[in-house]
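Trainee: Could we go through this one together, starting with the strands?

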Amino acid sequence: MMTNSSAMLLKGLNQEHQGRIFEIKDKLMMGRSRKCDVLLEDGLVSRNHAVFKVIDQKLYLSDLSSRNGTFHNQEPIDGQVVLNHGDKVRIGRSEFIFLDPNLLSASHFELVDDVDYTFSEPVIKKDLTINAAHITDSFLLHERRGGSSDEFESPISELAKRGPQWFEVLFLINREIQTQSDIREMSLAVSQRLLSVLDGDRCVVALIDEEGKLDLHSICEANPNPDQSTPVKLSKAIMEQVIEGRCAINVNDISQDKRFEESNSLLLSKIRSFLVAPIMIGSQVLGLIEVSRSDVVNAFSEAGLDLLSVVGSMIGGAIKSNEQLQKQEDHIKELKEAQRQLQLAQQDLVRSQQLAVLGRMASSINHEIGNLLMPLLEHHTNQTDDDDDDDFEMFTSEELAYSCTQIKSLIEDIKHFSRGTDRLPQMSRCDLSEQVLKATRFVQIDRDLFPRSGPNKIEFSMDYQGHPKVIIDPLQIGRVIINLLRNAAQAMRGQNEVSKIEIRVGSDDGEAFVEVQDNGPGIPEEVRSKLFEPFISTKGDQGLGLGLDISRKIVINHGGSIDFKLADQRGTIFKISLALNPTLRSATPELIQQMASLPSLPTVSDEI
């Protein structure tokens, strides 16, 4: 059995402790304080950062509520973890590896290059790729080492005495394989069972790595000596026979084989006889397992070789299952990481959308208030600076109050938007022609955009085909008319032709309509299909691209529609259509209820 009396070992991998070996018999504390057992002069390390403790022959690692945490195999620890041979620990920038002294009795693994020599007898070699039935037979017909030597004892009596013990061994080994979750711990537990039943000195498990090379996986000794380190040597010829030939081999006396007379032979490791079998899953060889004896020749029987062959297949199945489980765990980790990244991306997207909404709202407010304030500012400038301008026309207080009322209505819209609700249109029965005239008079206050003279002068013409009465929010529809008129003026600015805006109001087929036509350059073909989308503008840096989007929403909320077409000769015609009787069209229940409660108003005069 293995001894557990030796101290646990911790080896530094980098920084100032690289290559140093720390023995841990009871506990060992690491940190930035000089009172710690191991001083780590690192700004990422807390004063008392972590402690290693030996409890029941196992090494435990605990984080002492450090600021930056302690990492076990690249994962932050929470509380206390048990360390296994080869586990890595990171504290700040310093890394360490845990070395179990029970696994360090061999300093390295060495293949003896003896492929040019031939085998000497006695050697037992079994091909495991043909038929395994003889393995069961050998359990029953061959003596285990230490059994009766009575040559007159019958095979039947030997079957009665020894047969059940082999199956008991297999049962116990199978239980070790099933109950051990760590593959290295499993191989050590199986090795201990094999050493006990086969009476061997040492059991070695070597696995083929990703590069196809044989690598030492575990070593278990019946009587280990921690003060001595002996290399694990294996004949390259035997290794190739086992792995490439998929066979199990029993070498009864190494000293009788001339191949091992060289100085680099297996005799240096004091091995006299050994069993070796492949670790297999199906026809795939994953490595090999060897049980050896250093003081006795003919130490192992053919039945022992068969037992090792069966155990090799059992270990192969366990390793394969462990690999599949590890792949599943890695896949789950990848999925969890992908999910975490997706959640972060979703959070970023939500924040981006929130910022986009805020940006759009700010741009919308800027656009609407700009439309309403510019005429007032221009009027104030003209009134202050152009008192001698014969062309200047004073506007009535009613027309100036119209702008203030529009701004107040816009503020109410913003309040509702901040609460996450839409303000219902404040419906009233109106003469559509009067609302168009108010909006037209209002925009003309802006003499910069609508000059009365000069090269950018705009000529207005209005055609009122009757005075349709509609139920609308006059301020909201007024903002739509203002936006269309300003867009038309901006589209014609700087052109050689005389700029003209024609406004037509009338009714047709149960609908009232307003048309605004300019003689500008028209709308580029590439933006026509998305003209009513937000932030789509034909004005370059001069426009936000929000006016038509806002206008469309207002008109739709009134149960109407807005569209455009190119004029026959030059320019663009925008048309707003509103129902003369909204109850005949699709409208929300709130609007229908609001319209039903409107008081009857006297007939509005057709005079403007």
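Trainee: Which residue in E9 does tyrosine 60 stand opposite?
Mentor: The residue opposite tyrosine 60 is valine 82 in E9. Bear in mind that this is a predicted model, in which local features need pLDDT of at least 70 and side-chain atom pairs count only at pLDDT 80 or more, while totals for chains, interfaces and linings use all residues. Residues are numbered from 1 along each chain as its sequence is written, and side-chain values use heavy atoms, with hydrogens and water left out.

Trainee: How many bridges join E6 and E9, then?
Mentor: Strand E6 (residues 58–63) pairs with E9 in the antiparallel sense over 3 bridges; strands are DSSP runs of E with at least two residues, helices are runs of H or I with at least four, both numbered from the N terminus, and two strands pair if DSSP finds at least two bridges between them.

Trainee: And what order do the strands of that sheet follow?
Mentor: The order is E4-E3-E5-E6-E9, an open sheet of 5 strands with mixed pairing. Its edges are strand E4 (38–39) and strand E9 (80–82), each of which pairs on one side only.

Trainee: Switching sheets, what is the order in the one with E25?
Mentor: That open sheet has 5 strands in the order E21-E23-E24-E26-E25, and the pairing is mixed. Strand E21 (458–464) and strand E25 (561–566) are at the edges with a single partner strand each, so one side of each has no neighbour in the sheet. On average, neighbouring strands of this sheet are turned by 15° against each other, direction ignored.

Trainee: What packs on it?
Mentor: Helix H10 (residues 547–557) does, touching E25 and E26, where contact means heavy atoms within 4.5 Å, and the direction of H10 makes about 130° with that of E25. Axes here are lines fitted to C-alpha atoms, for helices over the stretch in contact, with angles from 0 to 180 degrees between N-to-C directions.

Trainee: How do E25 and E26 connect?
Mentor: They form a hairpin with 5 residues between them, and glycine 571 in the turn has a positive phi of about 100°. E25 and strand E26 (residues 572–579) pair in the antiparallel sense over 6 bridges. In E26, isoleucine 576 is the bridge partner of isoleucine 562, and isoleucine 573 stands opposite lysine 565.

Trainee: Different topic: how many cavities are there?
Mentor: Searching the whole structure gives 5 cavities of 30 Å³ or more, and the largest holds about 50 Å³ of space. A cavity is a set of points, on a 1 Å grid over the protein atoms alone, where a 1.4 Å probe fits but cannot get out, and lining residues have an atom within 4 Å of a point; points are joined across faces, edges and corners, and the volume is the space filled by probe spheres set on them.

Trainee: What lines the largest one?
Mentor: Its lining includes Phe71, His72, Lys88, Arg90 and Phe96. Strand E7 (70–72), strand E10 (88–91) and strand E11 (94–99) each supply at least two lining residues, with the largest share, 3 residues, coming from E10.

Trainee: Where is confidence lowest and highest?
Mentor: By mean pLDDT, the predictor's confidence in each residue from 0 to 100, helix H1 (residues 133–141) is lowest at 45 and E7 highest at 95. The protein chain has a mean of 76, with 68% of its residues reaching 70 or more. Residues 130–164 stay under 50, although the model has 48 contacts for them beyond four places in sequence. Where pLDDT is low, the predicted coordinates should not be read in detail.

How values were computed. 1 Å grid on protein atoms, 1.4 Å probe; cavity = no way out; pocket = protein on both sides within 12 Å on 5 of 7 lines; lining within 4 Å.
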